[in-house]
Structure formats: structure tokens, C-alpha cells
Amino acid sequence: MGQKLKIAGWLSVGALAGALTTVSLQTVARGNMAPLPLEELQQLAAVFGMVKSDYVEPVDEKKLISEAISGMVASLDPHSQYFDKKTFKEFSEGTSGKFVGVGIEISQEDGLVKIVSPIEGSPADRAGLKPNDLITKIDDTAVKGLSLNDAVKRMRGEPKTKVLLTIFRKSENRTFPVTIVREEIKTQSVKSKIVEPGYGWIRVSQFQERTVDDFARKIEEMYKQEPQLKGLVLDLRNDPGGLLDAAVALSAAFLPENVTVVTTNGQLEESKSIYKATPQFWRRNSSNDPITRMTVATGGALKKVPLVVLVNEGSASASEIVAGALQDYKRGTLMGSQTFGKGSVQTVRQLGPDTALKITTARYYTPNGRAIQAKGIVPEVMLDETENGNVFSALRPREADLDKHLSNGKEAQEKKDPVREKAREDAIKKLEEESKKPVAERRLPEFGSDKDFQLIQALNQLKGLPVKASTTLAERKIEKKVD
């Protein structure tokens with residue numbers, strides 16, 4: 001066991017519950033491993049044998065071992081995970097931003113699947129599907145009663161296979177079938193627009209392999225449309241995280257060259273790292289550096305344009321790296337609500353052709369050395385979700401709410417806040433009341449729309465106009481454990 005074990009892996013800083021992770025290729029060399037606990041391993045073997053021989057019906061050996069590994073890893077923290085063939089495929093799709101399907105962004109409405117938008121150039125787009133179309137059947141299966149996740153799985157499949165969708169178009173009051181041939185879809189994690197003359201909005205919904213390229217291209221397009229940009233809103237609300245190199249690249253787009261963006265620290269020597277605002281930390285090949293290209297094309301405008309960064313409880317991991325770095329260097333004003341608090345690093349190591357282990361190996365820190373784990377980033381200006389206050393923000397879990405979450409490392413546990421507990425009770429009552437309303441009246445305004453209250457406040461901040469800050473939101477504190 002003294003022999004060094006060398007495993008090619010991916011360094012990751014993933015997001016929440018569902019969690020898309022921050023990934024960067026690395027090699028880990030681990031030596032001087034402690035002796036294995038033989039007595040406990042003998043017990044494990046004995047239990048395995050008893051289950052095989054004594055259980056009421058035969059069990060699959062491979063499944064039993066796989067479940068044992070899953071349970072062992074899941075007991076560590078909410079973000080460590082064993083990937084079997086199926087979950088590893090889903091994880092890879094999430095970080096690459098590629099999957100095989102029809103190419104639509106969807107939500108649910110009255111038990112049916114609603115098309116929010118077809119992805120530009122996708123099979124669904126070419127087939128003429130439109131926003132607000134409702135999918136009533138997928139092949140021979142009625143959508144009513146299916147979860148959104150089940151519906152997605154039925155629409156995905158192998159390339160060049162067909163799926164039959166039955167569409168109800170409300171605007172024309174008709175139902176019709178559409179046969180679509182599945183193909184590889186590249187998701188769009190960056191949206192942008194000029195919201196009004198002189199002011200731009202760019203939203204990053206996830207940090208994927210294509211995010212840096214898309215971000216740079218969108219910024220270039222924005223400056224071609226509006227060369228004299230007076231202010232920019234970087235929207236990271238509900239961004240669960242993603243690739244570490246993408247987070248470093250986006251931070252570097254706004255920061256001086258070669259400053260520290262984020263540091264990591266853990267037990268392995270390889271987990272003690274400093275990531276700086278230089279191309280070597282994000283460039284995947286010598287011919288592709290979209291951040292440098294964009295900086296040259298815009299004359300370095302992004303380094304000095306007045307900036308507001310919008311965050312909320314759903315902003316996690318990679319998006320917290322960006323928010324924390326920009327805040328530490330006072331590059332922009334952070335507005336919104338305290339972020340999720342996912343400040344741990346996971347390393348994803350492939351165990352076989354289609355299985356892997358994602359295990360927490362370090363914590364990450366902002367340039368000023370702040371630990372984000374179980375605390376998050378606190379904006380300078382707290383904003384409610386709507387003009388009428390926060391609808392459901394108190395119900396959104398954060399890292400500190402997750403069972404077995406990793407401690408902050410500097411401070412041990414979050415204070416129990418009676419005000420927050422009261423807010424949760426009020427939000428549950430409000431949720432019950434809201435559930436009785438029509439679906440269209442229950443939703444918060446779409447991010448980036450003219451009814452987006454927080455975006456309106458961000459624009460006011462950039463213009464020097466009065467901002468309607470929250471009078472109820474407050475920082476969630478953590479306190480040192482008293483023995």
C-alpha cells in the first residue's frame with residue numbers, strides 16, 4: 001500500500017443539489033497511506049456474505065457492491081458521490097453542456113410540459129416549435145402526471161433516433177404531431193442584451209465548457225451594438241456553478257492581469273493551489289483564448305465599465321468564486337441576497353470506463369482569504385425578489401441547511417436565527433395561498449425582463465438613482481462552536 005497511486009482526475013468545485021461541478025484536469029499522486037482497518041473490512045466481507053446467503057431473495061452482487069460504495073461516499077458530505085454508468089453519463093453531460101435530444105428549454109404548466117424556448121438551430125427550432133407550445137404526449141405516453149425529469153428522459157436518446165411529440169398550440173387552439181430526429185445539442189449558458197441605451201445585461205446560468213467562448217462572443221456583440229456602454233449587469237442568480245477554469249476566466253475578464261482569483265487548500269499537496277487571472281489557468285489549447293481575444297476586440301472596456309453583480313441564494317460554487325473575487329477587488333457592486341455557500345472542492349476520479357468517484361478534497365477561499373463554505377458571499381446591497389418583498393426566498397436551502405455539510409473551517413456552525421425561522425413559516429403559508437392561484441400569476445418575473453425588480457434596482461445603482469434596498473434581509477451568521 002506504500003506504492004504511490006497515480007490517478008488522472010478532474011478538479012471540481014460543483015454546485016448544489018444536483019450539482020454541476022467545477023472541473024479541471026489534474027494528476028493526483030498519493031503516498032504514505034495509513035494501514036487499512038482489517039477488522040472492519042472483515043466485518044464488511046461478513047455482512048456481504050450474509051446478505052448473499054441469507055437474504056429472502058437472491059441479490060445482484062455487482063449492485064450490492066455499487067450500493068455499498070454509494071452509501072460509504074454519501075456519508076461524507078452532500079457533494080461527494082459515487083458515479084455508476086448512468087449517473088456518470090449525466091454528470092458528463094452537465095459539465096460539457098452537450099446532450100442528445102430535441103433542443104428545447106422547458107417548464108411545467110398545469111401538469112404539461114411547456115416550451116419556454118427552442119434552442120437556436122436545434123431540431124425543435126427547425127421543426128417550428130414555438131415558445132408557450134404545450135407538449136401533451138411523448139411518443140405514446142401522456143405527459144400529464146409525468147415529472148419534468150421523466151419527460152426530459154423520454155425526449156433524450158441516441159443520435160438519429162426519432163421521437164414523436166404531440167403539441168397543443170394555445171395561440172391557434174389546435175393539437176398536432178411533430179416527429180423530431182434527435183441530435184447532439186449544445187446548451188446555451190450565456191444570454192445578453194442591451195436593456196436600454198448605454199446599459200447591458202449578461203446572464204451566466206451555468207459554467208460549462210462553452211461558457212467562456214459564449215461569454216466573450218456575447219460581450220463582443222454587445223460592444224458592437226453599444227460601443228459607449230455606461231454600465232453592465234452581470235447576472236449570476238440561480239447559477240449553481242460549473243467549471244473552475246470558466247469561473248477564473250470570467251473573473252479575469254473584469255480584473256487586472258495576474259491577480260489571484262481563488263485559492264484552494266486541502267490535505268493533498270495538489271489541493272493547495274492558487275488560481276490567477278492569467279491565460280494559463282483557463283486556456284485549453286494555445287490557439288483558443290477567447291478572453292484575450294475579447295479584451296483586445298473591446299479595447300479592454302470590460303476592465304473599467306461600471307459593474308453590478310446580481311446574486312441570490314441559488315448562486316453557488318463557481319458563481320461564488322466570481323462574485324467573491326470581484327467583491328474583494330472592489331471591481332463592482334454586489335446586489336441581491338446572500339449566496340448558497342458552496343465553498344468546497346471535489347475531485348472527480350475515473351475508476352473505470354464508465355464509473356467515477358467525486359470526493360471532497362479541499363475548501364476554496366476568495367483572494368482576501370475568506371472561506372465561503374457554509375457561509376456564502378454577502379452582497380453590499382440586499383435586494384428583495386420583488387417590489388412587494390421576498391416571496392419564497394426563505395424556503396430556498398443553502399449549504400448550511402444541508403445534512404452533513406462541511407464546516408466553514410474557521411467558524412463551525414450557523415447561528416439559529418429566530419427571524420429566519422419566522423420568515424420560513426410565513427413563506428410556507430404564502431406558498432399555500434399562492435398555490436390556489438392560476439399558474440401564470442404564481443411565477444416570479446423572468447430574469448432580464450422589464451418586470452425584473454432586482455435588475456431594475458441594479459440599473460438604478462449604475463445610473464446613480466435611488467435603490468429600493470431590502471429592509472428585511474440580513475446576513476445569515478455563523479458562530480464558533482463552544483465546547
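Q: Two strands pair if DSSP finds at least two bridges between them; which residue in strand 9 stands opposite I138?
A: A word on the model first: it is predicted, local features need pLDDT of at least 70, side-chain atom pairs count only at pLDDT 80 or more, and totals for chains, interfaces and linings use all residues. Residues are numbered from 1 along each chain as its sequence is written, and side-chain values use heavy atoms, with hydrogens and water left out. Strand 7 (residues 134–138) runs antiparallel to strand 9 (residues 162–169) over four bridges; strands are DSSP runs of E (at least two residues) and helices of H or I (at least four), numbered from the N terminus. Opposite I138 in strand 9 stands L165.

Q: Which residue in strand 10 is the bridge partner of V163?
A: Strand 9 is joined to the antiparallel strand 10 (residues 174–181) by eight bridges. Together they form a hairpin with four residues between them, and N173 in the turn has a positive phi of about 50°. In strand 10, V163 is partnered by I180.

Q: Which are the edge strands of the open six-stranded sheet with the order 12-13-14-17-18-21?
A: Pairing in this sheet is mixed. Strand 12 and strand 13 (residues 199–204) are antiparallel over six bridges, with V190 bridged to V204 in strand 13. Edge strands pair on one side only, and here they are strand 12 (190–196) and strand 21 (381–382).

Q: Which helix gives the largest share of the largest nonpolar core?
A: A nonpolar core joins buried Ala, Val, Leu, Ile, Met, Phe, Trp, Tyr and Cys residues through side-chain atoms within 4.5 Å; buried means under 20% relative accessible area, exposed over 50%, and partly exposed in between (1.4 Å probe, protein chains only). This core has 52 residues, and those touching the most other members include F207, F254 and L302. Nine residues, the largest share, come from helix 7 (residues 244–254).

Q: Which residues, including L38, make a nonpolar surface patch of about 390 Å²?
A: L38 lies in helix 1 (residues 38–54), and L38 counts as exposed because its relative accessible area is 59%. Patch members have over 30% relative accessible area and no salt bridge; nonpolar side chains (Val, Leu, Ile, Met, Phe, Trp, Tyr) are joined within 5 Å, like charges within 9 Å. Areas follow Shrake-Rupley with a 1.4 Å probe, only the protein chains shown covering residues, and a salt bridge puts a Lys or Arg side-chain nitrogen within 4 Å of an Asp or Glu carboxyl oxygen. The patch is made by L36, L38, L41 and L44.

How values were computed. Two strands pair if DSSP finds at least two bridges between them.
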